[in-house]
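User: I would like to learn how to read a few features of a structure, taking each general idea together with its concrete case. Could we go through them one at a time?

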Amino acid sequence: MEKERAGKFQIFDDEACGGGEKPEDENTCFERPCFKWYTTPWSECTKTCGVGVRMRDVKCYQGRELVRGCDPLTKPVAKQTCTLQACPTEPPDESCQDRPSTNCLLALKVNLCSHWYYSKACCHSCRAVRPPPS
C-alpha cells in the first residue's frame, strides 16, 4: 500500500496496513450498452421521374443485439417520398418513330410502355397498343 507523506510516497506491506480493510482490486459491474437506432442506406427511388418512395431498414440495437428497447419517439423514418425531375410529357406529334437501337417488340411484350424511357424510345409501337383518348 502507498501512503503520501511530505510529498513522497511510502510503500507498506499488507500486514502493516491491516489486510482485512484492503479494498478489492477489481469489481464486476453490470453496465449495459445503450439502446441505439441504426439505419441502412436509403434505397433507390421507386420511380425514375416524378414522385416515388425510398425506403431503409431501421433497427434497434443494444450493443450487438437486436432488441426492442429504443425510444419510439426518436425512431428515424423508414420511408419517405422522393421527388425527381418531372416525367416527360408525350409530344402531340403523331409522326414519332421507334429508336432503331431499342428492342421495342420486347418492350411491348413485357409491358414497358408505361416506363418513361420506353414510352419515348418506342413511341410509335407503344402508341399503337394504347387505346386512343376518348
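User: Is E65 buried or exposed?

Analyst: This is a predicted model, in which local features need pLDDT of at least 70 and side-chain atom pairs count only at pLDDT 80 or more, while totals for chains, interfaces and linings use all residues. Residues are numbered from 1 along each chain as its sequence is written, and side-chain values use heavy atoms, with hydrogens and water left out. Buried means under 20% relative accessible area, exposed over 50%, and partly exposed in between, with a 1.4 Å probe and protein chains only. E65 has a relative accessible area of 51% and is therefore exposed. E65 belongs to strand β6, and its C-alpha lies 9.8 Å from that of P33, although the two are 32 residues apart in sequence.

User: Which strands form the sheet, and in what order?

Analyst: Strands of a sheet pair through backbone hydrogen bonds, either parallel or antiparallel. Strands (E, at least two residues) and helices (H or I, at least four) are DSSP runs numbered from the N terminus, and two strands pair if DSSP finds at least two bridges between them. Here 3 strands make an open sheet in the order β3-β5-β6, with antiparallel pairing. Because β3 (35-39) and β6 (65-66) stand at the edges with a single partner strand each, one side of each has no neighbour in the sheet. Between β3 and β5 (residues 58-62) there are 5 bridges, and F35 has Q62 in β5 as its bridge partner.

User: How many aromatic pairs does the structure hold?

Analyst: A pair of aromatic rings is described by the distance of the centres and the angle of the planes. Rings of Phe, Tyr and Trp (its six-membered ring) pair if their centres lie within 6.5 Å; planes under 30 degrees apart count as stacked, over 60 as edge-to-face and the rest as tilted. The structure holds 2 such pairs. In one of them, Y38 and Y61 meet edge-to-face, 5.8 Å centre to centre with 80 degrees between the planes; this pair links distant parts of the chain, since Y38 in strand β3 and Y61 in strand β5 are 23 residues apart. Y38 is partly exposed at 41%, as is Y61 at 25%. Y117 and Y118 also form an edge-to-face pair, at 5.0 Å and 90 degrees.

User: What is the phi of N111?

Analyst: Most residues other than glycine have a negative phi. For N111, phi is near 55 degrees, a positive value in a residue other than glycine. N111 sits in the loop between α2 (104-109) and α3 (116-121), and is exposed, with a relative accessible area of 62%.
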